[in-house]
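Ready to practise reading a protein model? Work through the exercises below with the structure open beside you.

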Amino acid sequence: MADTGKRTILQFAPFQSCIDEGLWHKLSSLKLNKLRLDESPIPITGFYAPCSHPQVSNHLILLSESLPAESDEEPSSLLASQGNRNRCLVPGILLNTNTLESFYALDKQSLLKAEAKKIWDDIYSGKVEEDSSVLLRFLVISFADLKKWSFHYWFAFPALVLDPPATLLNLKPASRCFTSEEAESLSRACNEWRNTSSTADIPFFLVSIDSNSIVTLRHLREWEACQNNGQKQVLFGFYDPCHLPSNPGWPLRNYLAYIYSRWGLEKIHFFCYRENRGFADLGLSLVGEAEVSLSQEWRNHQNIPNVVGWELNKGKKVPRCISLAKTMDPTRLAVSAADLNLKLMRWRTLPSLNLDLLASTKCLLLGAGTLGCQVARMLMAWGVRKITLVDSGKVSMSNPIRQSLYVLDDCLNGGKFKAVAAVESLKRIFPAVEAEGVVMAIPMPGHPVPSQEESSILQDCKHLCDLINSHDAIFLLTDTRESRWLPSLLCASANKITITAALGFDSFLVMRHGAGLVDALQNSQAETSNNVSASMENLSLSSQNESQRLGCYFCNDVVAPIDSTANRTLDQQCTVTRPGLAPIASALAVELLVGVLHHPSGMYAKAEFANSNDNSSTEQPLGILPHQIRGSLSRFSQMTLVGHASTCCTACCSTVVSEYRTKGLDFILQAINHPTYLEDLTGLTELMKSVGSYTLDWDNDSENDDDDDGCVEI
C-alpha cells in the first residue's frame with residue numbers, strides 16, 4: 001500500500017512463475033519432432049492454487065503437461081488436472097522463436113496488449129462468467145537453443161491499468177471481519193467449494209451472506225440473483241496466491257477491472273481466499289474494500305486500457321535463462337531427481353529446510369554393517385553428499401541379505417572389504433555422492449596390544465582422530481560396546497555431533513551424545529574425589545538438572561568397557577537381531593541428525609519430549625529433538641528418555657578428556673591394555689566399593705505372618 005495525500009493506493013503483489021525442467025525437455029521434443037521452423041503461438045496451460053503457507057506465496061507453475069501433445073493420438077494429461085484443487089488451470093500462450101535475435105527483437109508491448117485485448121473482450125462478451133480463469137491469461141516468449149541446451153524466456157501476466165489507481169479503504173484479516181456464526185459458515189462454505197470437483201479449480205466466485213449469517217459461495221453469473229434475493233452482503237472472492245498480510249495478489253487487478261466494467265460498481269468488497277493444510281484459513285485470508293473511480297470510457301468496449309505485466313528478473317526488466325547442459329549428464333539428472341522430494345518439502349511443509357547445509361555436512365560412519373549400510377542410504381535420501389565409512393571386516397555370504405549395500409559378488413574370493421564395497425555400491429546408486437571407504441580396525445579397551453603391535457595401533461588411533469576432526473557428524477554403528485569407547489572420547493574432546501545406534505535382538509537404542517567439554521578443564525582431581533556422590537545423582541532417572549550436559553553412550557555405565565567377544569558361542573558372536581530392527585534404528589538415527597542440524601541450538605539443544613510443558617519444542621518444523629529413543633519390536637513400542645552426563649563417565653567426563661588431552665596416545669594405550677585403569681581414574685572403583693559396603697538387614701521376626709510382604713531395608 002502507498003499513501004498519496006489522503007488516498008491509500010491499492011498495491012498488488014506480482015505473480016511469480018515457476019517452470020519445471022520437464023517442460024523444457026518436452027518443448028525440445030516438440031520443437032524437433034513437430035514444430036520445426038513453425039513460430040506460431042502455442043496454447044499452453046499454467047497451474048496455480050491459493051496460498052497455503054503464511055510465509056510462502058504460490059507460483060504459476062508450468063509442467064511438461066502444460067504443453068500440447070506431440071501427436072493427435074496422444075491423450076491429453078490436462079484432463080486429469082480438471083477439478084484438482086491444487087491445480088487451477090490458467091490459459092496462456094507460448095511464443096517460441098527460431099533464433100536468439102528474433103527473441104530479443106519481439107515487440108513485447110504489442111504482444112502484451114494483444115493478450116490484454118483478449119481479456120478485455122472476454123469481459124464484455126460474458127466469457128468471464130463461464131470461465132473466470134481467462135482473467136488470468138498469461139504469455140511466455142522463449143528461445144530454445146537445442147545445441148547448448150539453454151533456454152531464454154520471459155513471462156508476462158497482463159493486467160489492465162486502473163487509471164486513476166484504485167483506492168484502498170480497508171484491508172484486514174478475514175477472521176476480524178465476521179461474526180463467529182458468519183466465520184464458521186464461511187469456512188464451511190469455502191471448504192465445500194474447494195472439495196467439490198466441479199468448483200475446486202474455479203478461481204473467482206461470489207461470497208453471499210444472508211440475514212441469518214448463512215454464507216454461500218456462488219458463480220459470478222449469479223450476481224444479479226444475489227442482488228434480487230436481498231443478501232445482507234456480497235463479496236467478490238478469488239484464490240489469492242500471495243501470502244503477504246498487507247497486499248492482495250495479482251489476480252485482483254483484472255478482477256476489479258472486470259467488476260467495474262461489468263456492473264459499474266465503484267466500491268467493491270473483496271475476499272482474498274487463502275488456506276492452510278487444505279482448509280480455509282480466515283486468519284491468513286484477507287477482506288478489503290476498494291474504491292474504483294474510472295472514466296466513462298471504461299464502459300466503452302472500443303477503448304482498451306493500458307496494460308502492464310512483464311515479470312521482473314531480480315528487480316530488472318530482463319528475460320531469464322536456464323541451462324540444462326549440465327543436467328543432461330546422467331549424474332546431473334540423478335542429482336536433480338534425488339533432490340526433487342526435498343525441494344518439494346520446502347514448498348509447503350518445510351520452508352526452512354536447509355538443503356545446502358545437508359549437502360555440505362560431512363558424515364563419518366564407524367561400522368559398515370547392517371546399521372552402516374542403512375544409515376548411508378538414509379543420509380543420501382536426506383541430501384547428504386559427503387559420507388565416509390570405516391570398517392575392517394570383509395563381506396561374508398551371510399551379509400548381503402541384511403546389509404543393503406552388498407551383493408553376492410562382493411562375497412566371492414574371500415570377500416571385499418566392507419568399506420570398499422559399500423562405497424562402490426553408494427556410487428552405483430547415486431553417482432554424485434562423495435563417498436570414501438577406510439579399512440581400519442578401531443582400537444578397543446579390554447583388548448590388550450602386544451608390544452610389537454603398539455606402533456600400528458597408535459597409528460590407527462591417530463588416523464581415527466584425524467577422521468573425526470575432519471567430519472561434522474559421527475555415527476557410532478559398530479557391533480560391540482567397547483569399539484564405541486574411543487570414538488566417544490575423541491568426539492567429546494573435539495565437540496562433534498555424535499549419534500549412536502545399537503541393536504539387541506528385538507530392541508534398539510538411538511541417541512545423540514551431549515556436547516563436548518568446550519571450556520578449559522579445571523580441578524579435575526577435585527572432581528574425581530567428589531564424584532562418588534555426584535555419580536549416584538547422575539544414575540538417578542529422576543534427575544531434572546537442566547543445566548547439565550546430556551550424557552553419552554557410556555554415562556550410565558558403572559564399569560569400564562571390556563572385551564565382549566571372548567568365549568562366545570556362534571549366536572553370541574553374530575549380531576542376531578530381528579530383520580526389521582536395523583532399518584528402524586538407522587532411520588531414527590539419521591532423523592536425529594537432521595533435527596540437530598536444523599535446531600536453533602544445534603548440538604547444545606536440551607532433550608525434548610512430546611508431552612513437554614515447554615511449548616518451544618513444538619515450534620520446530622521437524623518436531624521435537626529427543627536425547628534417547630529406545631524401542632521394542634516385541635511390544636511395538638517406543639519411548640524417549642534423557643540421561644545427563646556423568647562425572648564418572650569413562651568416555652566423556654572432564655577427568656577422562658583432560659587426561660587424554662594431557663597424555664594423548666599414551667593415555668589411550670594405557671586404557672586399552674589395563675582394564676581397571678579407566679575405573680580407577682574416574683572413581684568407579686571407589687563407587688563400587690562404596691556400594692559393596694552397604695549391608696542388607698532382613699526382617700524375619702514374623703516368618704509365618706501372613707501380612708509379611710517381604711520388604712527389604714537398605
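**Exercise 1: two helices that meet**

Helix 3 makes a right-handed crossing as it passes helix 7. Keep in mind that this is a predicted model.

Task: work out whether helix 3 is oblique to helix 7, and find which residues make the contact.

Solution. Start with the geometry: helix 3 (residues 108-125) and helix 7 (residues 251-263) pack at about 40°, and their axes are 10 Å apart. Angles under 35 degrees would count as roughly parallel, and roughly perpendicular covers 65 to 115, so helix 3 is oblique to helix 7. Next, look at who touches whom: helix 3 brings Ile119, Trp120, Ile123 and Tyr124, while helix 7 brings Asn254, Tyr258, Ser261 and Arg262. Sorted by class, that contact has five nonpolar, two polar and one charged residues.

**Exercise 2: checking a helix**

Task: check the span of helix 10 (residues 370-381), then see what its buried residues pack against.

Solution. With twelve residues at 1.5 Å a residue, helix 10 should span 16 Å; its end C-alpha atoms lie 17 Å apart, so the two agree. Now for its buried residues, which include Leu371, Cys373, Val375 and Met380. The partners they pack against include strand 19 (362-366), helix 11 (418-429) and helix 17 (581-598). After helix 10 comes Gly383, with a positive phi near 95°.

**Exercise 3: a proline in a loop**

Task: locate Pro621 and find its contacts.

Solution. Pro621 sits in the loop between helix 17 and strand 25 (628-632). Its relative accessibility is 49%, so Pro621 counts as partly exposed. Leaving aside neighbours within four places in sequence, Pro621 contacts Leu350 and Ser352. Leu350 is 271 residues away along the chain, yet the C-alpha atoms of Pro621 and Leu350 are separated by 6.4 Å.

Terms used
Residues numbered from 1 in each chain as written. Predicted model: local features only at pLDDT ≥ 70, side-chain atom pairs only at ≥ 80, totals over all residues. Heavy atoms only, no water. Helix = DSSP H or I, 4+ residues; strand = E, 2+ residues; numbered from the N terminus. Expected span 1.5 Å × (residues − 1). Buried < 20%, exposed > 50% of the residue type's maximum accessible area, 1.4 Å probe, protein only. Contact = heavy atoms within 4.5 Å. Axes fitted to C-alpha atoms, helices over the stretch in contact; angles between N-to-C directions. Parallel < 35°, antiparallel > 145°, perpendicular 65-115°, else oblique. Left-handed = near helix turned anticlockwise from the far one by under 90°. Nonpolar A, V, L, I, M, F, W, Y, C, P; charged D, E, K, R; others polar.
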